[in-house]
Amino acid sequence: MEDKSKQSLDAATFQRIQKWYLYALSAIALTIIIAQILIQAHLNSQLDDSRVINVAGRQRAYSQKLVKESLLLREATTKAEEKKLQLELEETLKVWKASHRALQFGDAALSLPEEDNPEIWNLFKEITPHHTAMVNAVEDLLSQLKNKDGITKEHLQKNIDTLLANERTFLRLMDTIVNEYDQRSKKQLQNLQYKEYLLLTFSLLILLLEVLFIFKPLSIQVRKTIKNLVQSKQKSENNALKIEKLYAEKEQSLKELQELNFVIDNAALFASVKKDGNVAFISRKFLDLLGHSATSVTKPLSEILTIDEGQQQYLNEILKSKRASIRTEEIKIRTIKEQDLWLDMSIIPMHESSVQQSILILCSDITARKENQFKVEQLTKERYEESIKQKQIQASQIVEGQEEERKRIAKDIHDGIGQMLTALKFNIESIDVDDTERTKEKISYLKELTSDLIKGVRTATFNLTPPELIHHGIFPALQKMTVELSRLTGKKILFQNKGDKNVRFNSLAETNIYRVTQEAVNNAIKYAEANYILITINYIDDILSIVIDDDGKGFDNSILRKKPESNSEGGMGLFFMKERISYIDGRLFINSAVGKGTRITINYKTQEELVEYGEE
């Protein structure tokens with residue numbers, strides 16, 4: 001009852017605050033609307049006043065324009081000038097007369113209201129005779145100009161004198177009228193400012209009343225509500241502590257309930273066993289899996305699960321062992337249908353068990369998992385053996401490649417350097433010092449043979465390990481290689497260095513990159529029959545990139561997916577290129593098409609600090 005009364009009191013308080021708050025907002029909104037109405041009305045009035053002041057000011061200019069155009073008539077020398085001034089004078093007079101009338105009686109076309117100020121009306125009464133005299137003088141001029149005989153100078157001067165005599169008074173009175181318009185506009189603006197101040201004061205007063213009678217009571221109410229919430233929170237925490245104590249007292253009971261829930265939640269394949277090992281109860285699904293009928297449940301559980309005697313003996317030992325905790329076993333069984341199954345068996349001892357039940361058996365059929373596991377192990381073993389076999393094949397291919405390289409070097413030395421040394425020996429032995437002419441010819445030939453021998457030795461050593469690679473790095477070594485190969489083969493082999501600076505990499509990376517590039521160029525010369533080869537090297541963002549382009553006959557990219565043949569020198573070359581780049585964790589890309597040349601790209605990302613060439 002107390003809560004209901006408190007709730008009613010709170011509701012009444014908030015309803016009262018809400019009502020006054022709406023009143024205050026309505027009052028503020030009303031003041032804003034009134035202020036906008038007054039401002040818009042004043043703006044409209046200001047527009048009218050500005051239009052009136054503009055037209056009144058224009059009347060002064062037009063009066064001066066009438067006098068000026070009349071004076072110009074006196075200076076006109078031709079009929080064309082006189083006619084032009086006549087037309088301008090008629091237009092000026094027309095506008096001047098219409099504006100003078102509109103300022104007094106209003107004109108919708110000119111957006112001028114009718115004048116209702118007595119002081120301004122008196123000024124217009126005072127200025128009207130002068131305006132009328134000037135109008136009559138101009139109209140007289142115009143009527144004389146329209147006559148065939150034209151106007152005489154005396155008549156023209158008379159009308160000009162009339163205009164000049166009334167112009168000064170007209171201008172003075174027109175200034176007074178404009179000033180009156182301006183004063184009236186200022187008074188209206190002051191009235192508007194006064195009204196705005198009153199509305200502002202009223203709005204501030206409403207805000208002050210809101211603070212005193214709305215926000216202050218509301219803040220007090222919110223403070224009380226927060227205090228009640230804090231007290232409620234404290235009570236909730238105390239109740240939580242009490243509940244926690246109750247949970248602690250029932251922890252043992254919860255453990256037993258958890259064991260029971262475990263059995264219930266996983267009751268697909270389960271059985272209960274008596275102390276003597278016989279089955280007390282077994283689920284229908286379990287019997288169907290094992291291939292038994294409901295009449296055979298009187299047997300021991302081990303005989304129901306499997307027909308294998310060894311498995312039965314093992315199950316009996318498990319079931320007879322006394323343990324206080326849950327035991328889990330993965331057991332292979334053979335059913336009466338001669339089917340091998342794998343079961344994930346959980347043996348749950350029953351606390352304070354009766355004569356009927358001693359152990360609960362919970363099983364899951366994991367046959368599929370075990371079969372898949374066996375298949376995975378078999379596949380892993382096969383893959384490992386395949387990998388070992390592949391490594392052995394690769395090792396034998398590498399050894400074979402090294403032997404081929406040794407044979408090639410031995411052949412180059414035997415056919416080239418060896419033959420030249422033999423020739424050198426025979427020519428030296430055949431020298432006859434008594435035959436001077438013959439001796440000179442042989443010595444000259446020996447010099448040429450010695451030069452060729454030196455070039456052959458240098459070429460052989462360059463092919464083995466170029467000194468530029470050892471002393472200066474990959475950049476100068478590749479440049480030297482292109483120059484030497486171009487000279488030796490007669491092919492157009494170019495080198496383009498796009499790197500900002502030459503850098504040194506580790507010797508292993510430089511050697512393998514150099515050998516792969518050398519192999520690519522040799523393949524382009526030997527197999528692709530290329531006449532133009534371009535080697536481009538670049539180093540950006542820690543990535544060394546080497547591109548070898550040739551205009552050879554190319555090949556089908558599909559052969560790259562096949563295993564290299566031991567009897568295919570070109571296939572083995574590509575295989576060794578991939579192996580070398582893979583050995584230094586680089587990337588090799590080969591793109592070719594029949595009749596369109598080949599592009600080989602080598603990318604190597606540096607993984608250590610580099611040394612700029614020349615600063616080693």
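**Notes on a predicted model, helix by helix**

1. Let's start with helix α12. The residues of α12 that count as buried are I474, F475, P476, A477, L478, M481, T482, E484 and L485. Keep in mind as you look around that this is a predicted model. Helix α12 covers residues 474–489, which makes 16 residues, and spans 22 Å from its first C-alpha to its last. That is close to the 22 Å expected at 1.5 Å a residue. Right after α12 comes G490, with a positive phi of about 80°.

2. Now step back for the overall picture. The protein has 616 residues, and 32% of them are buried. Its secondary structure adds up to 14 helices and 12 strands. If you take the contacts between residues at least 6 apart in sequence, 64% of them join residues at least 24 apart.

3. Next, have a look at helix α2, residues 79–105. There are 27 residues in α2, and the distance from its first C-alpha to its last is 39 Å, close to the 39 Å expected at 1.5 Å a residue. Its buried residues are L85, Q86, L89, T92, L93, W96, S99, H100, A102, L103 and Q104. A handy thing to remember while reading such a list: an α-helix has 3.6 residues a turn, so residues three or four places apart point the same way. G106 follows α2, and its phi is positive, near 85°.

4. How do α2 and α3 pack, and at what angle? Helix α3 is made of residues 118–146, and the two helices pack at about 160° with their axes 11 Å apart. Angles over 145 degrees count as roughly antiparallel, and α2 and α3 are therefore roughly antiparallel to each other. The crossing of α2 past α3 is left-handed.

5. Which residues make that contact? From α2 you have E82, Q86, L89, E90, L93, W96, K97, H100, L103, Q104 and F105. On the α3 side they meet W121, F124, I127, T128, H131, M134, V135, V138, E139, L142, L145 and K146. Sorted by class, this contact has 13 nonpolar, five polar and five charged residues. Try matching the two lists in this point and the last: L89, L93, W96 and L103 are among the α2 residues that are buried, and they are also among those meeting α3.

6. Helix α3 has another partner, helix α4, which runs over residues 153–249. The axes of α3 and α4 come within 8 Å and cross at roughly 150°. These two are therefore roughly antiparallel as well. Here too, α3 passes α4 in a left-handed crossing. Counted by class, the contact of α3 with α4 has 16 nonpolar, nine polar and six charged residues.

7. Over to helix α13, residues 507–526. It has 20 residues and reaches 28 Å between its first and last C-alpha, close to the 28 Å expected at 1.5 Å a residue. Is α13 mostly covered or mostly open? Mostly covered: 14 of its 20 residues are buried.

8. Y583 is worth clicking on. You'll find Y583 in helix α14, residues 569–583. With a relative accessible area of 57%, Y583 is exposed. Leaving out residues up to four places away in sequence, Y583 touches L508 and N512. Y583 and L508 sit 75 residues apart in sequence, while their C-alpha atoms are 9.5 Å apart in space.

9. Two residues have a positive phi without being glycine. One is E529, whose phi is near 55°, in the loop between α13 and β8 (532–540). E529 counts as exposed because its relative accessibility is 53%. The other is D541, with a positive phi of about 50°, found in the loop between β8 and β9 (543–550). D541 is exposed too, at a relative accessible area of 65%.

10. Last stop, a strand. Is S346, in strand β4 (residues 340–349), buried or exposed? Its relative accessibility is 10%, so S346 counts as buried. What does S346 touch, not counting residues up to four places away in sequence? The partners are R327, T328, L360, I361 and L362.

Definitions and conventions:
Residues numbered from 1 in each chain as written. Predicted model: local features only at pLDDT ≥ 70, side-chain atom pairs only at ≥ 80, totals over all residues. Heavy atoms only, no water. Axes fitted to C-alpha atoms, helices over the stretch in contact; angles between N-to-C directions. Helix = DSSP H or I, 4+ residues; strand = E, 2+ residues; numbered from the N terminus. Parallel < 35°, antiparallel > 145°, perpendicular 65-115°, else oblique. Left-handed = near helix turned anticlockwise from the far one by under 90°. Contact = heavy atoms within 4.5 Å. Nonpolar A, V, L, I, M, F, W, Y, C, P; charged D, E, K, R; others polar. Expected span 1.5 Å × (residues − 1). Buried < 20%, exposed > 50% of the residue type's maximum accessible area, 1.4 Å probe, protein only.
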